[in-house]
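Got the viewer open? Let's walk through this one stop by stop, with something to select each time.

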Amino acid sequence: MAVCVCAAVVLLLRSLLTQRSVQRAPRFAKMDNKRDGSENPSKDGDIAAIMGFSGFGKKARTFDLDAIFEQTRRTAIERSQKALEERQQQEAERDISGSCITSPGPSKRQTPAAAVPRQQGISSDSDSDSDSDLVGPPVPPQLPAEGDEDDDDLVGPPLPPGYSGRMAEEEEEDDEEEDGMQDEDDDNPVRKIPDTHEITLQHGTKTVSALGLDPSGARLVTGGYDYDVKFWDFAGMDASLQAFRSLQPCECHQIKSLQYSITGDVILVVAGNAQAKVLDRDGFQVLECVKGDQYIVDMANTKGHTAMLNCGYWHPKIKEEFLTCSNDGTVRTWDLNSEKKHKAVFKPRSQQGKRVTPTCCTYSRDGKLIAAGCQDGTIQIWDRNLSVHTKFHCRQAHVPGTDTSCITFSYDGTTLASRGGDDTLKTWDIRNFKKPLNVASGLTNFFPMTDCSFSPDDQLLVTGTSVKKDEGNGKLVFFNRTSFQKVYEIEVANASAVRCLWHPKLNQIMVGTSNGLAKVYYDPVKSQRGAKLCVVKSKRKEKQAETLTQDYIITPHALPMFREARQRSTRKQLEKDRLDPVKSHKPEPPVSGPGRGGRVAAHGGTLSSFIVKNIALDKTDDSNPREAILRHAKEASEDPYWIAPAYAKTQPDPLFAEAEVEDEEADKEPEWKKRKI
């Protein structure tokens, strides 16, 4: 039975394969005809009938993309138009329901009817369409139609209700007026003076005779008649305004000038001695100029200055070169890398060829000229490379015999300003150096280092005035550089304004006074950094010292009887002791000078000082030794202590000689009869 079933299956499979091969034969014949390039349409039907599908052998369908895009655009326009009509219809219904008034005229409902021909036209003729057709939401009613638009129409959202064009014009006029006022402020140099705020730095009690600020404006250095040089760091200070370093670089000599180099890494210190010093930013000495031989007549043959210095200045372009002037009648240039000898010597001369003393000196802004103001009232200018003859010379710059305290060049390099000891301030054009451009008088000057300075924009000139003690306030006076009219003044303090410095980068003014103050004027808006950095910081809270009175040994496993009490911080105890007037009593300092408060001044704690003190207090006269011994006879007889008790038994009774009559008569004789011994 199983064999019969297998045979039947084999026959069935063979018949199916035969039929399949017969059906494939016409298909391969059709493919051969395609390869030969010939087609027979009559055979397509047979193949379609055999394969069971239609469309075999037809071409692929092509699509026109432009037509599809055009149809899509039309559909979008139609949909947007329908949405617009529906929105307008809803708005019309709201208006009708809100007002409850029917008007006989045409309403917004007629809009869809009017829009029908436009839709028909769009569907009928696609060539009449343009890109200006409405796409999107409707135009707001506040805006005009497209045909009425001009180039000056408002761009942006519609104006709010109640905002008229007149108000807009008035606001535009106000804006124009404000712009005009700002332009006037920019043109007015007085508006640029930073004087709205000030801070006071307490240098000491004597005159602040030198000020220096580094090019970045981060550190200020002050020097005075008290020999001290103090360093102030604006970024490191808090509101207490304390200097972070104080030193005496020149011992007991007054500081005349301080200036940072162009790089700000070193400081030139000019004092009352003959040797200038260069310090680094932290106050350590880098260079000390050599002192010259004072017994040589020709100052050009000495290696350095031989008399007191008056002024010093750094070269504005070369960071290793600086300039000094002295009472020995020379102006010398120095190189930072050569401390054994000066670099060049300039010798000012009077009209008769005699030596004169330079009181101030400076470089021009480009560093090519060296200028010096002298005691005979002259201002002499040399070429830096030619030290023999002056390039510019003015004989009657100031009154002879007065100290010209300052000369400075403007930022454009064409104008020279001089502050004289004759209470004047003058400006000069170095191209025409015979007459001053402008003169301001009545500016009292009591100090040989009173400054004058140009503003950063070169439009103003500022200087300080001097006053006697308790006779008024010193002032900073500002002059217009062109007209030389006094345009502004600042009352500094109840003392003279000696030094003034207007930093171009910070736009802040530093002033040194004769009562030991250094003031900084600034404006929070117009000024940069500097004093603005330290005034915003609160004062640091003083920390109480936490100390342990004795060593504490921790023994956690000791017996209770040997365990020490837990040692705690003494901070609370110190605070309690601070409130106790007995424990917190400050020891009295030693009295110097005459005694005061019931205390006698001590002359020292040594034995020699004690003996000297007692010798000075002993008023006895030991010129007669017999009387000096007999002065103690009565005390010795009443209370014998040294010799009498030891020789009480063996000591004989003292016998004194009695006065004789002859001696009395001899005493009565005249002096010329007495025997001369």
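Start by selecting the sulfur of cysteine 374: the closest cysteine sulfur, in cysteine 360, is 7.9 Å away, so the two are too far apart for a bond. Keep in mind as you look that this is a predicted model. Cysteine 374 is also buried, at 0% relative accessibility. Now jump to cysteine 250, where the closest cysteine sulfur belongs to cysteine 252 and sits 9.7 Å off, again too far for a bond. Cysteine 250 is buried too, with a relative accessible area of 4%. Searching the whole structure turns up 0 disulfides.

Zoom out for a moment. The chain carries 11 helices and 28 strands, and 32% of its 677 residues are buried. Of the contacts between residues at least 6 apart in sequence, 48% join residues at least 24 apart.

**The largest nonpolar core**

Next, select Ile199, Leu201, Leu220, Phe234, Met237 and Met510. In the largest nonpolar core, which has 17 residues, these touch the most other members. Colour β1 (197-202), β2 (208-213), β28 (517-522) and α6 (531-535) as well, since each of these elements gives two or more residues to this core. Then show what surrounds methionine 510: beyond its neighbours up to four places away in sequence, it touches Leu211, Leu213, Leu220, Phe234, Arg499, Cys500, Leu501, Lys519 and Val520. A separate core of 14 residues lies apart from this one; Val462, Leu476, Ile490 and Trp502 are among its members.

**Around aspartate 451**

Go to the loop between β21 (438-441) and β22 (452-454), which holds aspartate 451. Is aspartate 451 buried or exposed? At 12% relative accessibility, it counts as buried. Show its contacts, leaving out neighbours within four places in sequence, and you get Cys406, Arg419, Val462, Thr463, Gly464, Val498, Arg499 and Cys500. Draw a distance between side chains here: aspartate 451 and arginine 499 make a polar contact of 3.1 Å. For the backbone, try the C-alpha atoms of aspartate 451 and valine 498, which are 6.6 Å apart although 47 residues separate them along the chain.

One of those contacts, arginine 419, deserves its own selection. You'll find arginine 419 in strand β19 (residues 415-419). Which side chain of opposite charge is nearest to arginine 419? That is aspartate 423, 5.3 Å away, and this buried arginine has no salt bridge. What the arginine 419 side chain does reach is the backbone oxygen of glycine 464, at 2.9 Å.

**Salt bridges to click through**

There are 18 salt bridges in the whole structure. Select aspartate 282 and arginine 219, whose side chains meet at 3.5 Å, N to O. Aspartate 282 is in the loop between β8 (277-280) and β9 (285-288) and arginine 219 is in strand β3 (residues 219-224), so this pair ties together parts 63 residues apart in sequence. Aspartate 282 is partly exposed at 34%, whereas arginine 219 is buried at 14%.

Move on to arginine 384 and glutamate 321, with their closest N and O atoms 2.7 Å apart. Here a partly exposed arginine 384, at 22%, pairs with a buried glutamate 321, at 2%.

Then pick arginine 481 and aspartate 412, bridged at 2.9 Å, N to O. Both sit in loops, arginine 481 between β24 (474-480) and β25 (486-493) and aspartate 412 between β18 (406-409) and β19, so the pair ties together parts 69 residues apart.

For a last stop, select Glu70, Arg73 and Arg74, which are linked in a network of salt bridges.

Key: Residues numbered from 1 in each chain as written. Predicted model: local features only at pLDDT ≥ 70, side-chain atom pairs only at ≥ 80, totals over all residues. Heavy atoms only, no water. Core = buried A, V, L, I, M, F, W, Y, C linked by side-chain atoms within 4.5 Å. Buried < 20%, exposed > 50% of the residue type's maximum accessible area, 1.4 Å probe, protein only. Helix = DSSP H or I, 4+ residues; strand = E, 2+ residues; numbered from the N terminus. Contact = heavy atoms within 4.5 Å. Lys, Arg positive; Asp, Glu negative; His and termini not counted. Salt bridge = Lys/Arg side-chain N within 4 Å of Asp/Glu carboxyl O. Polar contact = N/O pair within 3.5 Å; in protein donor to acceptor, adjacent residues only side chain to side chain. Disulfide = S-S within 2.5 Å.
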